[in-house]
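Trainee: Could we look at this model together and work through how its strands are arranged?

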Amino acid sequence: MTEENFDAIVIGAGMAGNAAAYTMSSRGMKVLQLERGEYPGSKNVQGAIMYADMLEKILPDFRDDAPLERHLVEQRFWMMDDSSHIGMQYRSDDFNESRPNRYTVIRAQFDKWFSRKVREAGATLLCETTVTELVRDPKGRVTGVRTDRAGDVILADVVVLAEGVNGLLGTRAGLRDTPKPETVALAVKEMHFLAEEVIDQRFGLKANEGCVIEAVGTISRNMAGLAFLYTNKESISIGIGCLVSELAATMESPYGLLEKFKTHPSVKPLIAGSEVKEYAAHLIPEGGYKAIPQLFGDGWVVVGDAAQLNNAVHREGSNLAMTSGRIAGEAIVQIRNRKKPMVKEHLSLYKSMLENSFVIKDLRKYKDMPALLHTNSRNFFTTYPKLLSQAAQNFVRVDGTPKIDKERATTATFIKARSRWGLFGDAVRLARAWR
């Protein structure tokens with residue numbers, strides 16, 4: 001393949017890379033996609049949530065044959081201390097619609113299916129291929145890549161970097177900085193296999209319905225972290241993630257955190273008797289709007305996790321990845337149709353289109369939220385969960401203590417929290433960040 005020319009090269013075959021490759025190849029472009037894994041999805045054994053609206057804009061009929069697990073009808077939010085949880089849940093039969101809004105998927109299966117659609121659209125895929133460097137012309141414009149396949153040079157008009165948050169190619173080439181530990185979370189996940197009817201019974205589900213549980217609290221041991229549980233057809237995806245900077249500072253074991261979550265009294269019965277077959281760890285961008293790097297340059301654009309496009313506040317990643325990949329592909333197609341060169345001036349169209357989408361609008365709205373939660377992590381993830389648990393137990397426990405005494409004790413505890421831990425200040429800052 002030495003010196004072969006393509007209209008575009010896409011590095012990576014995850015959500016963002018597949019979306020970009022499909023968008024361009026389905027519109028007649030000659031696209032090469034390079035994936036370092038054995039096959040697309042080989043590095044993604046975990047479960048995930050897939051957002052239908054974003055995929056429909058790329059593949060309107062995806063429901064016909066996509067490997068979907070369950071459509072989600074219930075969302076639970078838990079705030080946990082060591083022995084209890086206080087929570088909120090939302091369940092609606094409206095989500096049992098003909099075209100459901102959200103699904104659980106198993107990434108290894110879903111990415112492989114998505115990649116097949118990309119190849120059917122005309123793209124060329126090379127797996128077990130690592131891009132070692134970007135090739136530039138004398139003016140510094142990216143004109144292709146060099147791989148570990150005997151040093152072959154592959155030329156293209158534009159290169160799309162969809163290499164993930166920990167991809168080294170863009171940082172080595174000086175296109176973006178190495179992500180800082182405080183802007184990246186390490187998530188560990190396990191797949192617990194159970195019979196479909198057992199999952200239905202434990203979560204009150206039927207007919208491919210699904211449930212998601214997301215939890216914060218003492219389970220993350222004073223760190224900013226989130227635990228989660230997704231129901232698949234015959235398995236449960238369970239995991240927890242915390243900032244890399246805080247894991248390094250505390251020397252906490254990610255696997256130890258996961259074990260603590262799994263053995264919590266609220267979680268243990270849900271996975272009892274399951275068989276664990278898969279374990280994985282991966283990095284998630286958490287820096288939000290302020291961590292987004294330069295998105296385009298002469299001959300290149302960056303999409304998905306590599307561009308820090310993850311909404312940590314709403315726990316959304318795959319939809320931003322797919323949308324950024326699609327928009328990058330559409331921008332490149334427009335530039336090509338106008339017969340313009342793929343230089344920085346013209347590739348700025350990608351950023352303009354992205355800024356007009358929900359991706360940048362949502363990230364900009366919550367630009368101060370990540371820093372707030374990370375700076376006051378002990379309050380938000382330990383102190384307040386314990387206070388709420390104590391207040392709830394005082395309310396429901398009947399032990400002969402006069403209610404007025406219990407109310408005074410609870411009020412005194414929150415007044416103490418306000419002065420000692422800055423409860424009022426945190427509430428004000430949280431409200432401002434949400435505005």
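Trainee: In which sense do β12 and β13 pair, and over how many bridges?

Mentor: Please keep in mind that this is a predicted model. Within the pairing of these two strands, E214 stands opposite F228 in β13. Taken as a whole, β12 and β13 pair in the antiparallel sense, and the number of bridges between them is 4.

Trainee: Which strand is joined to β12 by 9 bridges?

Mentor: One residue of β12 to look at is A215, which has W78 standing opposite. The two strands run parallel here, and the partner joined to β12 by 9 bridges is strand β4, residues 68-80.

Trainee: How many of the residues of β12 are buried?

Mentor: In a regular strand the side chains alternate between the two faces of the sheet. In β12, E209, C211, I213, A215 and G217 point one way, while G210, V212, E214 and V216 point the other way, and all are buried. Strand β12, residues 209-217, is therefore mostly covered on the count of its buried residues, which is 9 of 9.

Trainee: Why is strand β14 described as largely enclosed by the rest of the structure?

Mentor: Strand β11 (residues 184-193) pairs with β14 in the antiparallel sense over 9 bridges, and the bridge partner of M191 in β14 is S237. Strand β13 also runs antiparallel to β14, joined by 7 bridges, and a hairpin of 3 residues joins β13 to β14. As for burial, β14 is called largely enclosed because its buried residues number 9 of the 9.

Note on methods
Residues numbered from 1 in each chain as written. Predicted model: local features only at pLDDT ≥ 70, side-chain atom pairs only at ≥ 80, totals over all residues. Heavy atoms only, no water. Buried < 20%, exposed > 50% of the residue type's maximum accessible area, 1.4 Å probe, protein only. Pairing = 2+ DSSP bridges.
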